[in-house]
Structure formats: structure tokens, C-alpha cells
Number of protein chains: 2
Amino acid sequence: MRASFTLEKSDGTARAGAVTTARGSFPTPCFMPVGTRGAVRHLTSDDLETLNAHVVLGNTYHLMLRPGADTVAELGGLHGFTRWNRHMLTDSGGYQIFSLEPKVDAEGATFRSVYDGSTHKLTPESAVEVQAKLGADIQMVLDVCPGLPAPTKVLRHAVDTSADWAERARGAFLAGASFEMQSQFGIVQGGTDLALRIESAERTMEIGFDGYAVGGLSVGESQEEMVSALGAVTAILPTDQPRYFMGLGDPVGIVEAVANGVDMFDCVLPTRLARHGTLLTSSGKLNLRRAEFQLSDEPIDPGSPDSPAATWSRGYLRHLLMVKEPTAARVLTLHNLWWLLRFVDDLRQSIVESRFEEFRADVHAVWG
Amino acid sequence: MRASFTLEKSDGTARAGAVTTARGSFPTPCFMPVGTRGAVRHLTSDDLETLNAHVVLGNTYHLMLRPGADTVAELGGLHGFTRWNRHMLTDSGGYQIFSLEPKVDAEGATFRSVYDGSTHKLTPESAVEVQAKLGADIQMVLDVCPGLPAPTKVLRHAVDTSADWAERARGAFLAGASFEMQSQFGIVQGGTDLALRIESAERTMEIGFDGYAVGGLSVGESQEEMVSALGAVTAILPTDQPRYFMGLGDPVGIVEAVANGVDMFDCVLPTRLARHGTLLTSSGKLNLRRAEFQLSDEPIDPGSPDSPAATWSRGYLRHLLMVKEPTAARVLTLHNLWWLLRFVDDLRQSIVESRFEEFRADVHAVWG
């Protein structure tokens with residue numbers, strides 16, 4: 001089903017609105033926590049509802065290996081499996097083509113299982129089929145995402161392969177039974193090469209998807225290169241469909257992408273940072289492992305009295321972190337997700353109230 | 001301060017009532033979750049309040065090493081440190097004399113730190129001092145707890161050393177400033193030797209403590225030997241002071257100890273079992289790792305619709321467990337503690353309603 005974007009208010013090219021799928025609508029800009037294997041680490045679906053997340057991600061590669069797409073389907077799809085009633089999105093395994101470096105040929109990617117070493121082939125068609133079984137509201141096409149910097153030849157090959165795979169994936173999706181309940185997003189590649197970015201966007205739009213993602217950024221390039229490559233794409237994407245920047249979760253990156261008209265974000269960074277003791281706070285990043293916090297009776301972020309971590313002191317949470325008590329990872333994960341979700345809410349409100357540029361300047365002052 | 005026991009109702013030698021300390025009262029029989037290093041693994045003080053735990057344990061050995069007793073004291077004692085307003089109890093490090101096998105001489109025990117290998121001496125006096133800084137409502141004397149079976153000579157030596165240490169610990173406690181706010185419990189040793197048990201109880205009572213614990217049981221002996229050694233002690237302990245069985249957490253063990261007049265219990269077993277996927281349910285233990293649960297959409301325990309884990313299916317929680325997602329350990333820990341705390345509530349209610357023998361028979365039928 002074609003996912004639509006409804007504009008509530010724009011401020012420059014930043015836009016506040018809602019994305020609508022077969023399941024319903026969620027407000028944008030929107031940050032989507034990542035639940036790779038069917039759970040955001042240390043959290044339950046109840047926790048995510050309390051945090052007021054609207055969309056949660058699952059990962060095709062991991063879930064097809066454990067517990068297997070058929071098992072998830074049998075247990076009600078990802079929604080029934082995880083008991084989550086809001087939106088879900090599954091990435092295609094494309095990110096694992098970047099991170100696990102499998103053998104890639106014209107047909108697809110051949111992975112080794114991180115669980116038992118067995119071999120698995122993921123093709124554009126099988127990625128559609130697996131994601132149909134997982135049953136998220138939004139599925140992503142399988143793409144090729146090179147790390148940056150990369151030679152033009154590598155970027156060109158990624159664009160060509162991704163375009164070929166996108167066409168096959170779209171065909172498989174439309175031939176399947178799930179297209180009335182699911183939306184399928186295409187992914188634009190092209191690295192930091194503006195001409196390739198525009199070409200990739202045009203080829204993806206020509207195939208025609210239910211929404212559009214920008215992939216292959218935030219993988220090693222500078223902020224300027226990222227914004228420039230992004231802007232070239234968002235300038236030509238349809239305005240009435242959602243735009244999703246894959247794998248971006250830092251406050252400056254989000255605010256700059258929103259300034260370029262992006263609606264949706266995901267990133268493991270806030271949860272991974274939390275597990276290692278790095279916190280997002282109203283005055284910037286805070287490394288709780290620092291010795292100076294041993295005797296601190298202050299909360300993590302005195303500027304965030306509503307944080308789910310506000311009950312406990314820096315000294316206590318630091319202690320739990322240092323002795324590797326899992327309670328620390330949980331509380332700090334709750335904090336970072338709460339902080340980032342509220343950050344995006346505030347960002348959205350600044351667009352609605354036509355003070356986005358002020359908000360953007362404040363973010364740069366603290367995080368730049 | 002002398003901790004008092006107030007009887008509400010007895011049924012045979014099983015007793016329902018309340019233990020009162022300087023902090024207030026808690027209902028008994030009572031199961032106390034173990035928060036070794038200042039947190040029950042995967043849980044916060046908020047979780048424990050939701051579970052309606054009344055007393056939480058901390059561990060002297062671990063807390064004196066990390067973050068150190070002075071740090072805990074500086075951050076408000078264990079109550080302020082963990083933000084827990086109900087009762088706390090600290091064990092003395094005596095359990096680590098059993099589990100870590102340090103060098104023990106007449107003066108005390110010389111441990112190696114599990115954190116950095118450094119050497120630390122714990123004496124009856126220093127255990128009192130450290131526990132005064134930790135500031136729990138109840139502190140325990142340092143004792144020598146041999147594993148069972150053990151030769152009489154070893155048991156005799158443990159009784160003598162424990163009695164000597166108890167006298168020194170009581171002296172140190174009464175000479176300190178915290179005795180108005182804290183209660184100090186003595187510990188009866190003697191293994192399964194009834195004469196030694198009675199001698200140890202008499203020597204401990206002669207010194208005079210604010211409450212009495214039975215230690216050195218549930219460490220390898222049979223259920224019959226355990227009950228017999230316990231009964232010899234509880235028969236002569238004062239009836240107006242609390243009785244605490246250290247390190248017991250299985251349903252049959254608890255019901256048998258309550259039948260012998262015990263009021264308080266602690267054990268890491270329910271939380272440790274949970275982390276490994278073994279659950280306490282209304283129909284007995286359930287090993288969630290079993291393959292038969294892969295496709296089960298039933299809750300963990302259909303007989304426990306109010307469990308904090310009831311939202312999710314066996315198939316989902318099993319998957320999280322198999323891929324080591326920490327969410328599984330958290331949800332299963334919540335379930336096991338919820339189950340055991342409710343079990344002890346039900347047990348208490350059976351005493352109040354004079355149907356303890358019926359309850360006891362039911363427990364044996366399911367768990368025996």
C-alpha cells in the first residue's frame with residue numbers, strides 16, 4: 001500500500017506531518033528504536049509504549065536465522081510475536097551487506113549465519129518473501145550499501161545493482177499477497193556523488209515505491225558531504241510520500257536531515273551508547289564512567305526531571321555500570337531513548353510553531 | 001535495636017505475623033530478593049516495589065569492594081544509594097567464606113577481590129563496621145559456614161569459631177553508633193549434627209541478638225536432614241524475635257521451614273533460574289529452552305494471568321532467551337520473583353485461615 005505523507009506544517013524545507021500506512025498514522029519527524037532480533041535490548045514492548053515510540057524496527061537477516069520467518073509468522077507476525085500494536089518496519093538485510101561483507105553477486109548476497117556458520121542466500125525476491133512473513137507495516141528493498149569513502153566505480157556498481165534489485169523486489173512484492181497490508185520502500189544509493197545520487201533517486205522513483213529511503217549515508221563521510229548528498233535527493237523525491245534516512249541518530253544529524261525534508265530515522269546508536277555508559281543529556285553527551293561521578297548524588301541529567309532514569313543518582317548508576325549489573329544498561333537505555341524521542345517531539349513542535357531555525361541553532365550550540 | 005516478632009496467627013508451628021525494626025514492620029513469612037551489588041539483576045528499586053517485595057538483600061563482600069562502603073555511605077547508605085524505602089538486610093560476607101573459600105584464621109577471613117585480585121581481610125569487627133556504613137536495617141554477624149556433608153571436627157570448629165566471632169561482633173556492634181537504627185542477627189551453625197546445632201543456638205542466644213538466623217543448611221544435605229537440624233534449633237529460639245533461614249528459595253524448602261516456625265527467607269535461585277530460562281509456575285518448574293515451546297503462543301504460566309510476563313508468549317520469550325537478548329532475563333526474573341513472592345503471600349494466607357497443612361500438601365503434590 002502506498003504510504004502517504006500529510007503535511008501539517010512546514011518551516012523552510014523542514015516538515016511536520018504524519019505518515020499513513022494500512023495500520024494507521026504516526027507523527028513525523030519520527031525516530032524509530034531498533035529491535036534487531038524482536039526486542040530493543042533490555043526493553044519490552046510495554047516499555048516502548050511507555051516511552052511513546054511510534055515505530056519499531058526489526059531485522060530481516062537476524063530474524064530469518066533466529067527464530068526463522070515461519071516461526072514469527074506462526075506466532076502472529078512481528079506484531080503478535082512481540083505484542084506491539086503500533087507500526088513496525090523491517091530492514092531488508094541490506095545493512096548486513098555493509099556490516100558483514102558477504103559475497104555479493106548479481107543474484108543476491110550469500111551470508112554466513114552469525115549463529116551457527118551455516119550459509120544463507122538473500123535475494124531481492126527472498127528478502128520480500130521473508131519480510132512478508134515477518135509482517136511489518138513497512139518493508140525495505142534489498143540494496144547494496146558501500147562504506148565511504150568509496151571509489152566511483154564501487155558507488156556506480158552499488159547504484160546499478162541496487163536499481164536492478166529494486167525492480168526485482170518491486171515485482172516480487174506486487175506479485176505477493178501482502179501488498180495490501182504492507183508498504184514497500186525503495187532505497188536511494190550513490191554515496192556522496194551527487195550525480196549518482198540523483199540518478200539513483202530517479203531510477204528508484206521510476207520503479208515506483210510506497211515510500212523512499214536514503215541509504216548509504218552516515219557511513220564514514222563528513223557532515224557536509226552527507227547533507228549535500230541528502231539534499232540532492234530530497235529535492236526531487238515526491239512530497240506526498242514519506243522519506244526515511246537510514247541509520248542516523250545523532251541530534252545534529254537528525255536536525256540537518258529534517259532541515260532537508262526527512263521524516264523518519266532509525267539508529268542503534270542511542271541504545272548502544274547507553275549500554276556503554278554514554279548518555280544523551282540536555283547539555284550534550286555525558287560519559288558516566290568518568291571517576292568524577294563516583295560520589296555524585298545528582299541525577300544523570302538535572303535538565304530532564306521526567307527521564308525514566310531520574311530516580312537514581314549518577315553515583316549509583318555509575319557503580320552498576322562499572323560492575324556490569326544489567327540494571328544499568330536497562331535504565332540508561334530507557335534514558336537515551338526517552339531523551340531522543342522527546343528531542344524529536346520538541347523538534348517537531350518547533351516546526352509546527354515556525355521556530356525550527358532557532359531550534360536548529362540551539363542543537364548546534366550544544367551538540368555541534 | 002531488638003527486632004520483634006508479633007504473632008498474628010499460628011497454625012501448628014507455622015506462624016504468620018510481622019517483624020518490626022527501627023524502620024517499621026513487614027509481614028512474615030517473607031521472601032527477600034537478593035540484590036548482591038546494590039541491584040537485583042535486571043531490576044530497579046521501582047520494579048521491586050511493583051513486585052511488592054518488603055525486604056531486599058545487599059552483600060557486604062561485594063559492596064565493600066565495589067563501590068566501597070564509604071561511597072555507599074556518602075550516597076545515603078544502601079537505601080539512598082538504591083532509592084529503596086522499605087527494609088534492607090546485608091549479609092556479612094559469611095556466605096563468601098563458603099563460596100570463595102578464603103583463608104580463615106581465628107582473627108577473620110582473608111579474601112582475594114574477584115574484581116582486581118587485591119587482598120582484603122574481613123573480621124567480625126570490620127564486618128560490623130562495613131555494614132554500619134552500608135546502613136541496612138538488619139545486619140548479620142560474620143560466621144563460618146561449611147559445606148555439607150562435613151566431618152564433625154569441621155562442624156565443631158565452625159561452631160566454635162562462629163560463636164567466638166559472634167561475641168566479638170556483638171561487642172563491636174553495641175560499641176558502635178548504629179545500633180539504635182540497625183538490628184543485628186546472630187547465626188546458628190552446626191551442620192546436620194543435632195547436638196552441635198543446639199549448642200550453637202544456645203551459645204548464640206546467650207550472647208543475645210536482635211534476631212536469629214539459621215545458616216549452614218541447604219548446602220548439600222537432604223531435605224530430611226535439613227528439616228531435622230532446623231527443627232532442633234527453632235524449638236529453642238525465642239518466640240518473640242524473628243527467625244531467618246539463610247539461602248533457601250525452593251517452594252518445598254520454604255513450606256517445610258515455615259512448618260518449623262521460620263519467618264524470613266532469601267535465595268538467589270529464583271533470579272538465577274530465570275536468567276537460565278527455568279521458570280516457577282503453578283504446575284511446577286518449566287524449562288523454557290525446550291524445543292516444544294518454539295511455536296507456543298501460550299503465556300509462560302496459563303495459571304498466572306497476573307504475572308508481569310503474561311503479555312508475551314512462550315515462543316517469543318524462548319526466542320529472546322535462545323539468542324541471549326537481555327529482555328528475556330528481565331521478563332523471566334520479574335516472573336519468578338512475582339511468582340515466589342505471591343507464593344509466600346498465599347502461604348501466609350493459608351496460616352491466617354488455618355489451612356496451612358492443606359497448602360503444604362498441595363505444594364508437595366506439585367513440587368515434591
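A:Lys103 sits across from A:Thr110, a residue of strand E8 of chain A. That pair belongs to the link between E7(A) and E8(A), where two bridges hold the strands in an antiparallel arrangement. Bear in mind that this is a predicted model. From that small sheet, the notes below move on to the chain pair, the domains, a buried strand and a few backbone oddities.

**Small antiparallel sheets**
- In chain A, three strands line up as E7-E8-E9 to make an open sheet with antiparallel pairing.
- Its edges are E7 (103-104) and E9 (119-122) of chain A, each of which pairs on one side only.
- Over in chain B, E8 (residues 109-112) and E9 (residues 119-122) are antiparallel partners joined by four bridges.
- One of the residue pairs there is B:Ala109 with B:Leu122 of E9(B).
- E8(B) and E9(B) make a hairpin with six residues in between, and B:Gly117 in the turn has a positive phi of about 80°.

**How the two chains fit together**
- Chain B lands on chain A after a rotation of 180° with 0.0 Å of shift along the axis, at an RMSD of 0.0 Å.
- This is what a two-fold axis gives you.
- Both copies use the same surface, since 100% of chain B's contact residues recur in chain A.
- The contact itself involves 34 residues of chain B and 34 residues of chain A.
- On the chain B side, the elements giving two or more residues are helices H3 (69-74), H4 (77-82), H12 (314-322) and H13 (326-352).
- By class, the chain B side that touches chain A splits into 14 nonpolar, 11 polar and nine charged residues.

**Core**
- The largest nonpolar core has 224 residues, and A:Leu317 and B:Leu317 touch the most other members.
- As a general rule, nonpolar side chains in soluble globular proteins tend to be buried together.
- Setting aside neighbours within four places in sequence, A:Leu317 is in contact with A:Leu288, A:Ile300, A:Ala309, A:Trp312, A:Ala328, A:Val331 and A:Leu332.

**Domains of chain A**
- Chain A splits into domain 1 (4-266) and domain 2 (274-367).
- Taken over C-alpha atoms, the centres of these two domains of chain A are 27 Å apart.
- Domain 1 of chain A puts 26 residues into the contact and domain 2 of chain A puts in 21 residues.
- Elements supplying at least two residues each on the domain 1 side are strands E1 (4-11), E2 (14-21) and E4 (30-32), plus helix H10 (251-259), of chain A.
- H10(A) gives the largest share of that side, six residues.
- The domain 1 side that touches domain 2 in chain A has 16 nonpolar, four polar and six charged residues.

**A buried strand: E11 of chain A**
- Six of the six residues in E11(A) (residues 183-188) are buried.
- On one side of E11(A) the buried residues are A:Ser183, A:Phe185 and A:Ile187, and on the other they are A:Gln184, A:Gly186 and A:Val188, so both faces are covered.
- E10 (residues 138-140) of chain A runs parallel to E11(A) and is joined to it by three bridges, with A:Gln139 opposite A:Gln184.
- E12 (residues 211-214) of chain A also pairs with E11(A) in the parallel sense, over four bridges, and A:Gly186 stands opposite A:Tyr212.

**Backbone oddities worth a look**
- Most residues other than glycine have a negative phi, and most peptide bonds are trans.
- The bond between A:Leu148 and A:Pro149 is cis, with omega about 0°; A:Pro149 lies in the loop between E10 and H7 (152-175) of chain A.
- Chain B has a cis peptide bond from B:Arg66 to B:Pro67, with omega near 0°, and B:Pro67 is in the loop between H2 (60-65) and H3 of chain B.
- A:Lys324 has a positive phi, near 60°, in the loop between H12 (314-322) and H13 (326-352) of chain A.
- A:Lys324 counts as exposed because it has 9 C-beta neighbours inside 10 Å.
- B:Asn52 also has a positive phi, near 65°, and is located in the loop between H1 (45-50) and E5 (55-59) of chain B.
- With 12 other C-beta atoms within 10 Å, B:Asn52 is exposed.

**An exposed loop residue: B:Ser283**
- B:Ser283 is in the loop between E15 (278-281) and E16 (284-287) of chain B, and counts as exposed because it has 11 C-beta neighbours inside 10 Å.
- B:Trp367 is 84 residues away from B:Ser283 in sequence, yet 8.2 Å away in space, C-alpha to C-alpha.
- Not counting residues up to four places away in sequence, B:Ser283 touches B:Gly303 and B:Val366.

How values were computed
Residues are numbered from 1 along each chain as its sequence is written. Chains are lettered from A and ligands numbered from 1 in the order in which they are written. This is a predicted model: local features need pLDDT of at least 70, side-chain atom pairs count only at pLDDT 80 or more; totals for chains, interfaces and linings use all residues. Two strands pair if DSSP finds at least two bridges between them. Copies are superposed by least squares on the C-alpha atoms of residues with pLDDT of at least 70 in both. Two residues are in contact if their C-beta atoms, placed from the backbone, lie within 7 Å. Ala, Val, Leu, Ile, Met, Phe, Trp, Tyr, Cys and Pro count as nonpolar, Asp, Glu, Lys and Arg as charged, and the others, Gly among them, as polar. A nonpolar core is a set of buried Ala, Val, Leu, Ile, Met, Phe, Trp, Tyr and Cys residues joined through C-beta atoms within 7 Å. A residue is buried if 20 or more other C-beta atoms lie within 10 Å of its own, exposed if 12 or fewer, and partly exposed in between; C-beta atoms are placed from the backbone. Domain bounds come from an automatic or database domain assignment.
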